[in-house]
Amino acid sequence: MEKLIYGVAYYDEYMSYDRLEKDIQMMKDAGINMVRIAESTWSTHEPQNGVFDFSSVDRVLDAMHDAGIQVIVGTPTYAVPTWMVKEHPDVLAETPAGKGKYGARQIMDITHPTYLYYAERIIRKLISRVKDHPAVIGYQTDNETKHYNTVGPNVQVQFVKYMREKFETLDNINKAFGLDYWSNRINSWEDFPSVVGTINGSLGSEFSKFQRKLVKDFLEWQVSIVNEYKHSDQFVTQNFDFEWRGYSYGIQPDVDHFEASKAFDYTGVDIYHPSQDDLTGIEISFGGDVARSTKGKNYFVLETEAQAFTHWTPYPGQLRLQAFSHVASGANMVAYWHWHSIHNSLETYWKGLLSHDFEPNPVYNEAKTIGRDFAKLSPKLVNAKKDNKVAILVSNESLTAMEWFKFNFTSTKNYNDIIRLTYDQLYKMNIECDFVSPISENIDSYDLLIVPALYTASDELLKQLNTFVENGGHIVYTFKSGFTDENVKVRTAHQPGIIDEACGIYYNMFVEPKNVSLKDDPYQVGEENNTVDTWMELVTPTTAEVLAYYDHPHWGKYAAITKNNFGKGVATYIACIPSEAIMAKVLENAVKDAGLWGVDQELRFPLITKKGTNQTGNTIRYYFNYSDDTLSFTYPHRKAQALLTDQVIDDNQEIEIDPWGIIILEEQ
Amino acid sequence: MEKLIYGVAYYDEYMSYDRLEKDIQMMKDAGINMVRIAESTWSTHEPQNGVFDFSSVDRVLDAMHDAGIQVIVGTPTYAVPTWMVKEHPDVLAETPAGKGKYGARQIMDITHPTYLYYAERIIRKLISRVKDHPAVIGYQTDNETKHYNTVGPNVQVQFVKYMREKFETLDNINKAFGLDYWSNRINSWEDFPSVVGTINGSLGSEFSKFQRKLVKDFLEWQVSIVNEYKHSDQFVTQNFDFEWRGYSYGIQPDVDHFEASKAFDYTGVDIYHPSQDDLTGIEISFGGDVARSTKGKNYFVLETEAQAFTHWTPYPGQLRLQAFSHVASGANMVAYWHWHSIHNSLETYWKGLLSHDFEPNPVYNEAKTIGRDFAKLSPKLVNAKKDNKVAILVSNESLTAMEWFKFNFTSTKNYNDIIRLTYDQLYKMNIECDFVSPISENIDSYDLLIVPALYTASDELLKQLNTFVENGGHIVYTFKSGFTDENVKVRTAHQPGIIDEACGIYYNMFVEPKNVSLKDDPYQVGEENNTVDTWMELVTPTTAEVLAYYDHPHWGKYAAITKNNFGKGVATYIACIPSEAIMAKVLENAVKDAGLWGVDQELRFPLITKKGTNQTGNTIRYYFNYSDDTLSFTYPHRKAQALLTDQVIDDNQEIEIDPWGIIILEEQ
Amino acid sequence: MEKLIYGVAYYDEYMSYDRLEKDIQMMKDAGINMVRIAESTWSTHEPQNGVFDFSSVDRVLDAMHDAGIQVIVGTPTYAVPTWMVKEHPDVLAETPAGKGKYGARQIMDITHPTYLYYAERIIRKLISRVKDHPAVIGYQTDNETKHYNTVGPNVQVQFVKYMREKFETLDNINKAFGLDYWSNRINSWEDFPSVVGTINGSLGSEFSKFQRKLVKDFLEWQVSIVNEYKHSDQFVTQNFDFEWRGYSYGIQPDVDHFEASKAFDYTGVDIYHPSQDDLTGIEISFGGDVARSTKGKNYFVLETEAQAFTHWTPYPGQLRLQAFSHVASGANMVAYWHWHSIHNSLETYWKGLLSHDFEPNPVYNEAKTIGRDFAKLSPKLVNAKKDNKVAILVSNESLTAMEWFKFNFTSTKNYNDIIRLTYDQLYKMNIECDFVSPISENIDSYDLLIVPALYTASDELLKQLNTFVENGGHIVYTFKSGFTDENVKVRTAHQPGIIDEACGIYYNMFVEPKNVSLKDDPYQVGEENNTVDTWMELVTPTTAEVLAYYDHPHWGKYAAITKNNFGKGVATYIACIPSEAIMAKVLENAVKDAGLWGVDQELRFPLITKKGTNQTGNTIRYYFNYSDDTLSFTYPHRKAQALLTDQVIDDNQEIEIDPWGIIILEEQ
């Protein structure tokens, strides 16, 4: 990337009347230098089977180019046209709920040859047409691609072949998955039942893995087609999204982002987050840290909110704060969903930069300041690098397996809630971190690993983590880690499986805490915060030091949190779900033990700081005020220049920061 | 009508043993002068395909006639016999949930020729048989007719033809409905997808409109058949019902009562309402005001509760209060669902006037006093007319559209809740009102219009409303009015669309209020009541006076309630959902501005007054005590006679009214 | 039975590695003398259609026999193999939700000849192979058998034939079920609609009765096959279960345990119950009292919890307390689900005696003490008999009917909640009781009957109950009793139907209580407990004495609780749902009236006592402390020997009992 990209999704096709010139003028006024087009409008571009009409693409490309605005062209494959479904109803995915109905996007069977045939044709037609256009800087394949839970007979046949390829014999499967249970044993390949009704979590988890592979295969296939056309100075990206919990947070259950990112030049993501009084920056930071980690480089925020919904319309200052927060996490692009508010259909109230009246409004006006400052500071901020020493190990497999094996019959807590319990505390103490996955090859490069609920893992991975500690690394594990092998079969030895060696503990019982706290409040968090909920393992130390015991009449002899020196390193084990306050203290201690505690950690949320090394080798420091109050702090680093104000800031200078305000410093 | 009708639904067919003579004697004792029969028992009247048995009808008609009780005969078409479904399973409606199952009533496809063939045959057989019977005063076609969400392929074909008739070209539809969005564009009539899966609210709303038309067409068809037989002194009516929210309140989503009433001689309705401590009379008044407004004349309450459920069994006095409340709203009939409690099946606990033991009971005994007083006062009370100056503009189309576009992802508030927010306050300040719909031709005859959430409306209608104000009318609008055109496409100019002219305001942003009140409590409602919830538009006045600003750190500069002089009239705009107390004040001020505030408005709920002009031109005034306490008030009108006691009441006389009591006065 | 059986479910097939010898050694250490095998693993025993492999059965039988452990062999029919469903998909039950999917257990159509053919073959193969093995003491047919809501066309045909057999003519059905309502009348057998969609509670209830008959027929068929093979010293049992409400409590809706038990030598049950702070023993006692009553003899607890779930893992002492509580209720067997925790699939967290690591753990160690004491005390405790004078009359038919006719639209209270309201109070005042059903022939042998909500009952049964009272018996009825006949048709005479004679009351109205209490707190339970909820009948006494009036401004003249001398006996009627405290007082008074109040009733929960007469004719008395505190009491009976400590206890001796402790005394 040569510069920070400030963009919007733009659909000339959705306009009620011809506004292209007017829109472009308003974009220019706001510093918008990129639009993303085409990925949702197959039925416009191919109005009938084999009849193509790219006129709206052509005219937008030409007009944007004239205005100096660059374009990302999306393949329009995630929403199928009416004619295709009418001619070939079986392109709709069959899901556990039955055959799909036309209407929404993302309803097709991404493995179906009919769909693939038409998808390939429109991709080739579109990309070959636009590839030489000077406005085009890159391509997005599809959008927020998933498997849409396609489980029809054709998918089932593929799955069985995948299983035979992977496990070779049914006896291996029967044994690994424990299929004797409830007569689920499969004794002939012809008998392999549809997984739709399965009650076997090992089989179900394997199918989810297979489904994630379908997504990866589909995306790689699209990339391979686009790559036939794209020029060397053009890129291919995807718009990945995170677990959707009314906003973006957590590992995506349906896609392995680490695997699927490999095929792309850049990882792109969308990040939607709470706003107004609930704006914390956590979701921005989380999504950015994951996106950056997938390829170990800067990433794109292909979609984030402008005005969005009634509960997300930003207060004055927040849109700016959000934009620079993305950049501070390593984003080279901030793009809004979407330019203008749409006048019909599902996303009418998912408002864009412009309201339905297309007039300037307070949010658009604030965007103008962002565009101006992006343009001005781009050389200083683009392509900034990070060198984090802390990483969180995340696992799609553990996420899926914990959906099959929930904490209990009523808890709605999932794997991402456990990640969140760790990540949010790091964020609030200004510890920047990366993410690694079981396939990452750079795990050993970190000083401190956080391993939340690694519920399913191979012996090899767990041994690798033991060796990591032995060699001087620090790990903080939570409960449930090591419990099952890679086939979600519970280990038959002491728990926590294999990592018991590094942790110096064992347990074989676990209970639900009711009115349980940590004995004598060892972390001094006060009665209100000295709590444990949902899950507690009854841990006995072997070589570990007990950091906290449970306070309970019958379980009081068991350890809740332990620490063990193993080789040159240290392994901390958290055997229960503690309060955020306790988790913060445990992580703080682990950070300190690992020698990673610094002056930045003396600042706490809502004052957030991030840093990076820019293209010229200088350290860039961001300070964000995630509150409605003015904050002040003593600047603890080398003399620096405030890039938005051109002030010079001295070491130990007292700095004020406005509500929802931003300071960006470049060390000199 | 010559008299007040006091009736019951009666099913000789449901009786466990022959009770006809005994029942008739008990009816006579209670002053029951009408029974409604036959509309639920097709399988009894046509036990096999083409085999008819009307013996129960015959014997009831004869016996009733002998006793001087008149009869309404219903066409038995809303519950189909077993033999029809067994022979022709496809008469069952296919809904979005799939093919129907036999069992309940109202499960057939009202457009299916097989059903229509059999329905026509039974109607002709039944009506031709009874038409000359002297007991028969009229007919009810079907019952609580709706479309039952029939959406099968045949309905879809009809819908596509309807669309072509209405919009002429697909381009018109694609543009009006914004179908380019998410590739929903339809480029050939053959491609028109089933609307079942649609995510396009414009298309979905149009389909609902089409479905309401199916109901209207079906009813008109039935009426046209019955009209071939009926005598000039017999009437045809329907039993319309309202939104069902555990009781009757609100515009019916599935039927346009204003349209569908046209074919009938009288509008009939059923009104079920909370009782015991929750009896307020609001539902009685609302349903009555709508029913009366549909044809601008007196109406029938074809069904209301007798004992009903455990939570509705009336306290002593309440059944009387309810009955006269119906009459006070303009009902010429009060009829109970139903005479006796049923001993099997779904409505066993929906109890009638008689309990399962058929013995006199406290509710039946109270009915005897009602029957006696109806008979006595009928000449004074029947056919009373109203001359209201306030009307509420309601719109089925806005109701449907707001189902597609809800306030947010969690709110359950719907369009009828907004109507309720306005209507209930008028009721409680004793403002009687009518209802008008977009097709009403008498809108200009009112002094004050209340226009709640007119979310979808044509330019013409909105301009008509502007002209109404310009010519001296008063309007109170709420938020969301004018937002979309008649195709539920958001207007692309300033909001509120078109009416911004009369309102003298504009907005293009809206947010969800959290901890928002009106600045400085302008309506003096106190902290507890000074609240705004769910929805707030950020309004800027152009020519309007701001009546209230929001109290919020970031949105405080925007107006919450405004008033604008436009031409000779005044338009008030409420930009948020205020508390009931605030709404009451805003409406009170609007009523005063319109010069409609009178002495009756000094009385407040639970003391309710209604009035009308009777056949002899005298003013009848009703006073109702909707509470468990004795109330007193100073009678503010001309000398009058108390019809239930024959007392004379002087102007300014102090009057006491019993708990759940009634006073009826005729001015002299 | 010669001895107390202490057992576990054991699945060699589920083991990750060969542990048989090790497991048996650990079982021996724990005093386990029985294992239950084979009932879940059809796909292991018949890996392909007609290919059999009983090697795991053989080796377990041999090894257990060598170790002196006896074996119950289960027929493996409740979970079908993959090959069967692949070859014959129609063996899966069609339910109201549609065709079943392979995966879970208990998904087949138990009436399908294909299933029955394969089931019979595997039963004959298995049982003929094991019948002569000296380890085998008995057989279990299937497991927790139900009808799985099979409602496909074949079942419908059977149902219609059943109906014709039972009712002879459609006119009889139409009349008994009130099918004229909503045109549900059936006028030709060919027209008989599927009951899946019915809205007629009489028809629906009859279908449920038919479904329960399917279960009984299926079990009888299995027993008849097994009986062809079994030796005279072997038994056949079933594992019945109770209503599942997250734990076991209440009459089973899908099986008539009284009917279905007849075919078996012993009634077996599974009982799962809350634990930790929520352990009360109520579920153990309830399930045991029902199981014992079905055949009037000792029963088996074929499954109960060992460690189970996080919320059920027992505190120290609780596993012992539970085991002896079962025995105190008359169980001759206590067996755990299951020996070892399973490493895959649905019940991974339903932990066994052993955790996943197979190591000794606190729960297993406690089991060792139980096994030791069972062995020691078996001659004293096995085959103990009870002679209860109180019985609760329960009715599957009333349970089903009250599902069709719930208290109101929001209440989730069901029939079993009403049973619970009575049973729990008896338990807490140490009144041991039996259960009887409408088919029981020993009803007259009791002194006091509790009859909760006998909503549907024949005239004959109600008259029998009147005669019971007339002859000197005592009955406590609750509301809803007698309301409908055996076809769930509401009686057309005074309520409570027929029993009004013995109760000396009538009512024909009922309402929902809001803020209702009993006038003047007649039971002295204090304001907090003086409450009535959900349901109240407005009762007028004829000859009855009113024990309590409602406190309500409008319903205050009606009786809430009455008592009537009828012949030589007394009938108490509770017309509303009172608080537990009121119910306890009413029952206490009824017990006293019946002359059944004794010294044991001076002890109250959490101190629970049970008694029986052992094989040598001595009285055995159990004292259980269901609390976390030490309790003490004065022993009120004859001198006795404490069997666990060999102490001698004198009359009036003060005794201490540990938290969750047990004392077992044998009178001398």
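**Briefing: three chains, their contacts and a few odd spots**

In this predicted model, 46 residues of chain B are in contact with 39 residues of chain C (contact means that C-beta atoms, placed from the backbone, lie within 7 Å). Because the model is predicted, local features need pLDDT of at least 70 and side-chain atom pairs count only at pLDDT 80 or more, while totals for chains, interfaces and linings use all residues. Residues are numbered from 1 along each chain as its sequence is written, and chains are lettered from A and ligands numbered from 1 in the order in which they are written.

**How the chains relate**

- Chain A lands on chain C after a rotation of 120° with 0.0 Å of shift along the axis, at an RMSD of 0.0 Å (the fit is by least squares on the C-alpha atoms of residues with pLDDT of at least 70 in both copies).
- That is the relation of a three-fold axis.
- For chain B onto chain C, the rotation is 120°, the shift along the axis is 0.0 Å and the RMSD is 0.0 Å.

**Where the chains touch**

- On the side of chain B that touches chain C, the elements giving two or more residues are helix 2 (42-45) and helix 4 (82-87) of chain B (helices are DSSP runs of H or I with at least four residues, strands are E runs with at least two, and both are numbered from the N terminus).
- Helix 4 of chain B gives the most to that side, with four residues.
- By class, the side of chain B that touches chain C has 18 nonpolar, 20 polar and eight charged residues (Ala, Val, Leu, Ile, Met, Phe, Trp, Tyr, Cys and Pro count as nonpolar, Asp, Glu, Lys and Arg as charged, and the others, Gly among them, as polar).
- Turning to chain A, 39 of its residues are in contact with 46 residues of chain C.
- Helix 8 and strand 16 (510-511) of chain A are the elements that give two or more residues to the side touching chain C.
- The side of chain A that touches chain C splits into 15 nonpolar, 17 polar and seven charged residues.

**Helix pairs worth a look**

- In chain A, helix 8 (residues 201-229) packs on helix 13 (residues 396-404) at an angle of about 140°, with the axes 9 Å apart (axes are lines fitted to C-alpha atoms, for helices over the stretch in contact, and angles run from 0 to 180 degrees between N-to-C directions).
- Helix 8 and helix 13 of chain A are therefore oblique to each other (under 35 degrees is roughly parallel, over 145 roughly antiparallel, 65 to 115 roughly perpendicular and the rest oblique).
- Helix 8 of chain A crosses helix 13 of chain A in a right-handed way (right-handed if the near helix is turned clockwise from the far one by less than a right angle, left-handed if anticlockwise).
- Residues meeting across this pair include Gly201(A), Gly204(A) and Ser205(A) from helix 8 of chain A, and Asn396(A), Thr400(A) and Trp404(A) from helix 13 of chain A.
- The contact of helix 8 with helix 13 of chain A has two nonpolar, six polar and three charged residues.
- Over in chain B, helix 1 (residues 20-29) and helix 3 (residues 55-67) have axes that come within 11 Å and cross at roughly 40°.
- The crossing of helix 1 and helix 3 of chain B is right-handed.
- Leu20(B), Ile24(B) and Lys28(B) in helix 1 of chain B meet residues of helix 3 of chain B, among them Arg59(B), Val60(B) and Met64(B).
- The contact of helix 1 with helix 3 of chain B counts six nonpolar, no polar and two charged residues.

**Backbone oddities**

- The Gln495(A) to Pro496(A) peptide bond is cis, with omega near -5°, and Pro496(A) sits in the loop between strand 14 (474-478) and helix 16 (500-503) of chain A.
- Phe605(C) and Pro606(C) are joined by a cis peptide bond with omega of about 15°, and Pro606(C) is in the loop between helix 17 (580-593) and strand 24 (607-613) of chain C.
- Ser183(C) isn't a glycine, yet has a positive phi of about 65°; look for Ser183(C) in the loop between helix 7 (170-177) and helix 8 (201-227) of chain C.

How values were computed: Two residues are in contact if their C-beta atoms, placed from the backbone, lie within 7 Å.
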